[in-house]
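Reader: I am new to this structure and would like a close look at one part of it, with the neighbouring parts brought in where they help. Please start with any term I need in order to follow along.

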Amino acid sequence: MPKPLLKDREISWLAFNHRVLQEADDPTVPFIERIKFLGIFSSNLDEFFRVRVATVRKLIDVLEKRGGRRMSKPRRIHNKIHRQVMAQQARFQEIWLKLLAELEAVHIRLCNERQLDTEQGKFVKEYFQANVLPALVPVMIGPQPRLTDLKDRAIYLVVRMTRGNGRAGQQHALIEIPTDVLPRFVVLPARSGRQTVILLDDIIRYCLEDIFYIFDYDRFGAWTIKLTRDADITLDNDLSSSLIEKISKSVKQRKKGRPVRFIYDGDLPADLLQSLIKSLNLSPYDPLIPGARYHNFKDFMKFPQLGGRKLLYPALVPSPHREILPRVS
């Protein structure tokens, strides 16, 4: 049987985004720009799930409610999307690890909370107390949590607190990483010509004991999770509402759309993962994507411009137009 000449548009779109990923792996592209391409890839994939995958999920629901075949065309497309996304996720991680190693060659180091020395740790503690702590709202979660209000595309740390003295008991909390009010990257004081960068996620990890000091725990584990929600706009048929009112209502509903993707740190303990899946009311068909330590790589489009202009594309110089006079202030 000959292969079809046309691909499903969702699979075609994933092929396009894979082309973006190839730019991040191209050694002829300036180094910081390659990191930005990872951010573009991630941002594109967010929108793909929020709109395209959400539409496929709705088609599956409609067909199955009407008694259609369990392996309908939308279901096959959904399964194919998941396989390709997982493959691209693995390739993404390979490229990121390669870029991390190459960062060292240009005298830039991305460190985590376990790699800080005493002087850097002091700087991070001071930055945390002055800037980060006022923006945090930790939420304690019980053994059967209800987390249906997680924000779309926000990143959270799931924290497990235990005691190292052999006493039983553990507790869990959820912390939204406040990337809406603070930069994702913090540049530490340079030394010996080397620049060191730490993520906001790891600053919070480093200071977990300062956040939960009122509890009798001395061991902390923290893993990142992220929920993507259906953001496809659907207008109802209410004739009493204007088009503007319908759009306004639909835009507000996007914030509480059904989950279409759940990304989690692959090192997240299995019991905690199952508890989160149950509390988020995820179905067996919701894409559960094990990731690495960091999510929301769209923030990497704002990676600090360190290392000089040689690591970036040359700045574009505006060209004058004979019909447009220069702006005079």
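Author: Helices here are DSSP runs of H or I with at least four residues, strands are runs of E with at least two, and both are numbered from the N terminus. The model is predicted. The part to look at is strand β6, together with the helix that follows in the numbering and its charged contacts; a helix elsewhere in the chain serves as a lead-in.

That helix is α3, which covers residues 73–105. R83 lies in α3, and R83 counts as exposed because its relative accessibility is 52%, where exposed means over 50%. Together with K7, R76 and K80, R83 forms a positive surface patch.

Charges of opposite sign also meet in α3. Side chains of opposite charge can pair when their charged atoms come close. R91 and E94 form a salt bridge, with their closest N and O atoms 2.8 Å apart. The two residues are three apart in helix α3, so about one helical turn separates them. Both count as partly exposed: R91 has a relative accessibility of 29%, and E94 has a relative accessible area of 45%.

Another pair has a less even setting. R9 and E10 meet through their side chains in a salt bridge, at 3.3 Å from N to O. R9 counts as exposed because its relative accessibility is 51%, whereas E10, at 8%, counts as buried.

From α3 the chain passes into a loop that leads to β1 (108–111), and H107 is found in that loop. H107 is not a glycine, yet its phi is positive, near 65 degrees. At 45% relative accessibility, H107 counts as partly exposed. A second residue of this kind is R153, in the loop between β2 (139–141) and β3 (155–162). R153 is not a glycine either and has a positive phi of about 70 degrees; its relative accessibility of 28% makes it partly exposed.

Now to strand β6. Strand β1 runs parallel to β6, and four bridges join the two. C111 stands opposite I198 of β6. Strand β5 (residues 185–191) is also joined to β6 (residues 194–199), by five bridges, and this pair runs antiparallel. I198 is the bridge partner of V186, and V197 is the bridge partner of V187. I198 thus has a partner in C111 and a partner in V186. In a regular strand the side chains alternate between the two faces of the sheet.

The hairpin of β5 and β6 has two residues between its strands, and S192 takes a positive phi there, near 55 degrees.

Next in the numbering comes helix α5, which spans residues 200–206 and contains D202. L200 has its place in α5 too. With a relative accessible area of 0%, L200 is buried. From L200 to L182 the distance is 8.1 Å, C-alpha to C-alpha, and the two are 18 residues apart in sequence.

D202 brings the account back to charges. The side chains of D202 and R293 meet in a salt bridge, at 2.9 Å from N to O. This pair links distant parts of the chain, with R293 in the segment after β9 (288–291) and D202 in α5, 91 residues apart. D202 counts as buried because its relative accessibility is 0%. The contact belongs to one network, in which salt bridges that share partners join E113, R114, D202, R205 and R293.

For the wider setting, a search of the whole structure finds 26 salt bridges. Among them are the bridge between R91 and E94, within helix α3, and the bridge between R293 and D202, which links distant parts of the chain.

Terms used: Residues numbered from 1 in each chain as written. Predicted model: local features only at pLDDT ≥ 70, side-chain atom pairs only at ≥ 80, totals over all residues. Heavy atoms only, no water. Pairing = 2+ DSSP bridges. Patch = residues over 30% accessible without salt bridge, like charges linked within 9 Å, V, L, I, M, F, W, Y side chains within 5 Å. Areas by Shrake-Rupley, 256 points an atom, 1.4 Å probe, with all protein chains shown as cover. Salt bridge = Lys/Arg side-chain N within 4 Å of Asp/Glu carboxyl O. Lys, Arg positive; Asp, Glu negative; His and termini not counted. Charge placed at Lys NZ, Arg CZ, Asp CG, Glu CD. Buried < 20%, exposed > 50% of the residue type's maximum accessible area, 1.4 Å probe, protein only.
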